[in-house]
Structure formats: C-alpha cells, structure tokens
Amino acid sequence: MAGNAGGHRDGAVKGRSQFVNPKTGLSQKRDTATGRIMDVKTSGGDFKGVRREKK
C-alpha cells in the first residue's frame with residue numbers, strides 16, 4: 001500500500017479507483033476488488049494518488 005509518511009507519497013495507491021458521480025459532481029473512491037464505494041470527497045477536486053476510471 002502507498003505510504004504518506006513524511007509529507008510525500010511513495011508510489012500510487014493500489015486497489016482503488018475514482019470517478020465523478022454525475023448526480024452530485026463529487027469524486028467517489030471505489031475498491032477495485034469488490035466494486036464497493038469507499039469514500040466521497042466533499043471538499044471538491046480529486047483524491048490524490050488514486051487513478052481515475054475511464055468513461
């Protein structure tokens with residue numbers, strides 16, 4: 001798993017992807033193994049270090 005210690009990220013976050021919910025316009029993080037939604041970013045923008053899903 002990627003680390004965030006010391007103010008920097010060591011590599012990409014594995015096993016997760018993100019997409020923009022068309023109804024809310026917010027980024028949501030998804031577990032790629034199960035497909036479940038993990039988190040919603042309410043402050044706007046994208047999650048750092050998490051790959052985006054293709055449309």
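Strands E1 and E4 pair in the parallel sense, joined by two bridges. Within this pairing, Gln18 stands opposite Arg52 of E4. Keep both residues in mind, as they come up again further on. Please remember too that you are looking at a predicted model.

The parallel pair belongs to a wider arrangement. Four strands make up an open sheet in the order E3-E2-E1-E4, and the pairing in this sheet is mixed. E3, which covers residues 37-41, and E4 stand at the edges; each has a single partner strand, so one side of each is left without a neighbour in the sheet. As a reminder of what holds such an arrangement together, strands of a sheet pair through backbone hydrogen bonds, either parallel or antiparallel. Apart from the strands, there is no helix to look for: the secondary structure comes to zero helices and four strands. Reading along the sequence gives the pattern β-β-β-β.

Now step from E1 to E2. Strand E1, residues 16-20, runs antiparallel to E2, and five bridges join the two. One of the contacts to find on your screen is Arg16, whose bridge partner in E2 is Asp31. E1 and E2 form a hairpin with six residues between them, and in the turn Gly25 has a positive phi of about 80 degrees.

The next step, from E2 to E3, is antiparallel as well, with four bridges joining the strands. Here Gln28 stands opposite Val40 in E3. These two strands also form a hairpin, with five residues between them, and Gly35 takes a positive phi near 85 degrees.

With the backbone in place, we can turn to the side chains. How many salt bridges does the count come to? The count is two. In one of them, the side chains of Arg30 and Glu53 meet, with 2.8 Å from N to O. This pair links distant parts of the chain, since Arg30 lies in strand E2 (residues 27-31) and Glu53 in the segment after strand E4 (51-52), 23 residues apart. Arg30 counts as partly exposed because its relative accessibility is 24%, and Glu53, at 27%, is also partly exposed.

The other salt bridge brings together the side chains of Arg52 and Asp46, at 2.9 Å from N to O. This is the Arg52 that stands opposite Gln18. Are its surroundings best described as buried or exposed? Arg52 is exposed, because its relative accessible area is 56% and the cut-off for exposed is over 50%. Its partner Asp46 is found in the loop between E3 and E4 and counts as partly exposed, at 31% relative accessibility. Asp46 can also be located relative to E2 residue Gln28: the two are 18 residues apart along the chain, and their C-alpha atoms are separated by 8.5 Å.

What about the rings? A search of the whole structure finds zero aromatic pairs. Phe47 nevertheless has charged company. The charged end of Lys29 sits over the Phe47 ring, 4.7 Å from its centre. The charged end of Lys41 sits over the ring of Phe47 too, at 5.9 Å from the centre.

Finally, let us look at the space around these residues. Rolling a probe the size of a water molecule over the atoms shows where empty space is left. The largest pocket has a volume of about 160 Å³. Which residues line the largest pocket? The lining is made up of Gln18, Phe19, Val20, Ser27, Asp46, Arg52, Glu53 and Lys55. Strand E1 gives the largest share of this lining, with three residues. Several names from earlier return here: Gln18 and Arg52, which stand opposite each other, Asp46, which meets Arg52 in a salt bridge, and Glu53, which meets Arg30 in another. As for the protein overall, 18% of its 55 residues count as buried.

Conventions
Residues are numbered from 1 along each chain as its sequence is written. This is a predicted model: local features need pLDDT of at least 70, side-chain atom pairs count only at pLDDT 80 or more; totals for chains, interfaces and linings use all residues. Side-chain values use heavy atoms; hydrogens and water are left out. A salt bridge is a side-chain nitrogen of Lys or Arg within 4 Å of a carboxyl oxygen of Asp or Glu. Buried means under 20% relative accessible area, exposed over 50%, partly exposed in between (1.4 Å probe, protein chains only). Rings of Phe, Tyr and Trp (its six-membered ring) pair if their centres lie within 6.5 Å; planes under 30 degrees apart count as stacked, over 60 as edge-to-face and the rest as tilted. A charge sits over a ring if NZ of Lys or CZ of Arg is within 6 Å of the ring centre and within 35 degrees of the ring normal. Two strands pair if DSSP finds at least two bridges between them. On a 1 Å grid over the protein atoms alone, a cavity is a set of points where a 1.4 Å probe fits but cannot get out, and a pocket is an open set with protein on both sides within 12 Å along at least five of seven lines; lining residues have an atom within 4 Å of a point. Grid points are joined across faces, edges and corners, and a volume is the space filled by probe spheres set on the points.
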